[in-house]
Amino acid sequence: MGRYFGTDGVRGVANSELDALLAFKIGAAAAYALTQESAHGRKAKLLIGKDTRVSSDMLENALVAGICSVGADVELLGVIPTPAVAFLTIKHKADAGIVISASHNSFEYNGIKIFAGNGYKLPDETEARIEDLIDDFESIPKMTHEKIGRVLKSEIDPVVEYTDHLADTIKGDLSGLRVAVDCANGSSSTTVERLMRLVECKAEIRFYEPDGININDNCGSTHLGQLKERVRSGNFDLGVAFDGDADRCLIVDETGEELDGDRIMAVCAAHMKKEGKLRGGAFVATILSNMGLHAYADKNGMKIECSNVGDRYVLEMMLKKGYILGGEQSGHVIFLEYASTGDGELTALQFMSILKASGKKCSEIAAEVEPWPQLMINVKVPNDKKATLQQLPEVKEAIDAACAELGNNGRILVRPSGTEALVRVMVEGTNSEQVDTLAKKVAKVIESVV
């Protein structure tokens, strides 16, 4: 991680760790760094989309001011999912796309993530260049007179463009399916209703009335309890939950059981392989992906490549290996044939299309993927300590002891979060009681030394 950028952009408490001044500098530095060569003598253009947080308008205005100050134009997309910004950046031939969102975090946080003109998240070296410019802000040339940038309006409704694209990714329609959809009071609140109409799916849309502070509040992909209950009580075929910026999707089957990103990917990969579309007979997961996923892939003649945690690293591995499917347990799934980044609504459509074609229940098509018992515990650790925590003798000893006890029947991973002041302790094994005990033991040691 850099000085400002984590694994998913710049993130922090709005107007404290991420204030308007920093947003102004990010806008100016990003516009200058990304357009020095790409603009080729013309005025550069950047797109901005945002989620529903109360701080998003403030940060948007600061970003706009920074971008225009260096002579670039800005096209405002309004409230729209993160993957829509990536898609529209490519379609509108923009030099970059910026998203204002803190994804699954609670409302007081916000973030700024940037896509290059190709729709991919910025490489590390570009982020480092932007960070250098932020720290040496006076070196960035500021424009005056007619060279100051302008704010442009989209000629076509971004929601229409994006949802039309999504609907075109499946064959036929989804009529006959009944789905409960949880929008997390986030960005998908602007797109899901039209999308479900386009694909003729009967949907009950929930948590789609954002008020600036209720994003991810006991709803969305990180809080599935209410969706599970509604799916069971309402006799739905499945439930679908997005996070605040709708780049991830989790699914609940008709019994109320959660299908995480691993199981969603497994179903999609097997279908793609059957259709002859799984390039290389392989897909990309992460080091956190459940060992049950690996067992399923082996059984079905598929190969898994594992990347570091973070959808940007999943994508890097996909591009390196030439694969078109990859993702994470959290529900970030990338279908490279249709999108350049993780897309929750796209994932939901692909899964539901497979479900309808199968003629089976949701629980049946996911039954073959049997996850190993796994427990993740998040331990609060200050950002300045989390990277070196594992070097402490007490922590290293606890991790080594857990590894020894698990032997060949499990594993432990301890890693700092790339977006929050947390260290994540993940233990996986064949014995659920042992997994629970060891995870809590290591987490307790970490808590005692911070």
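A nonpolar core is a set of buried Ala, Val, Leu, Ile, Met, Phe, Trp, Tyr and Cys residues joined through side-chain atoms within 4.5 Å. Keep that in mind for the exercises below, which explore a predicted model.

**Exercise 1. Find the largest nonpolar core and look around one of its residues.**

Step 1. The largest nonpolar core contains 64 residues. Those with the most contacts inside this core are Met-196, Leu-238, Ile-251, Leu-325, Leu-349, Phe-351 and Met-352.

Step 2. Now pick Leu-238 and leave aside residues up to four places away in sequence. Its contacts are then Arg-178, Val-179, Ala-180, Val-231, Ile-251, Val-252, Phe-351, Met-352, Leu-355 and Cys-362.

Step 3. Apart from the largest core lies another one, of 36 residues. Ala-29, Ala-44, Val-64 and Ile-67 are among its members.

**Exercise 2. Work out how helix H3 is covered, and by what.**

Step 1. Find H3 at residues 82–91. A residue counts as buried when its relative accessible area is under 20%. Eight of the ten residues of H3 are buried, so by this cut-off the helix is mostly covered.

Step 2. Put names to them: Thr-82, Pro-83, Ala-84, Val-85, Ala-86, Phe-87, Leu-88 and Thr-89.

Step 3. Look for their packing partners. The buried residues of H3 pack against four strands, E3 (45–50), E4 (73–79), E5 (96–100) and E6 (109–116), and against helix H5 (158–167).

Step 4. Follow the chain onward. Just after H3, Lys-93 adopts a positive phi of about 55°.

**Exercise 3. Trace the path from strand E13 to strand E14.**

Step 1. Locate E13 at residues 282–286 and E14 at residues 303–307. The two strands run parallel and are joined by five bridges.

Step 2. Check one position: opposite Ala-282 stands Lys-303 in E14.

Step 3. Walk along the chain between the strands. It leaves E13, passes through helix H9 (residues 291–299) and arrives at E14, making a right-handed β-α-β crossover.

**Exercise 4. Decide whether the overall size agrees with a compact globule.**

Step 1. Take stock of the protein: it has 15 helices and 19 strands. Of its 450 residues, 56% count as buried.

Step 2. Compare the radius of gyration. A compact globule of 450 residues would have one near 22 Å, and the protein has 22 Å, so the two agree.

Step 3. Add the outer dimensions. Along the principal axes, the C-alpha atoms fill a box of roughly 70 × 60 × 40 Å.

Step 4. Finish with contacts and surface. Among contacts with a separation of 6 or more, 71% link residues 24 or more positions apart. The accessible surface is about 18800 Å², and 48% of it belongs to carbon and sulfur atoms.

Key: Residues numbered from 1 in each chain as written. Predicted model: local features only at pLDDT ≥ 70, side-chain atom pairs only at ≥ 80, totals over all residues. Heavy atoms only, no water. Buried < 20%, exposed > 50% of the residue type's maximum accessible area, 1.4 Å probe, protein only. Contact = heavy atoms within 4.5 Å. Pairing = 2+ DSSP bridges. Right-handed = clockwise from strand over helix to strand, strands pointing away. Rg over C-alpha atoms; globule rule 2.2 N^0.38 Å. Areas by Shrake-Rupley, 256 points an atom, 1.4 Å probe, with all protein chains shown as cover.
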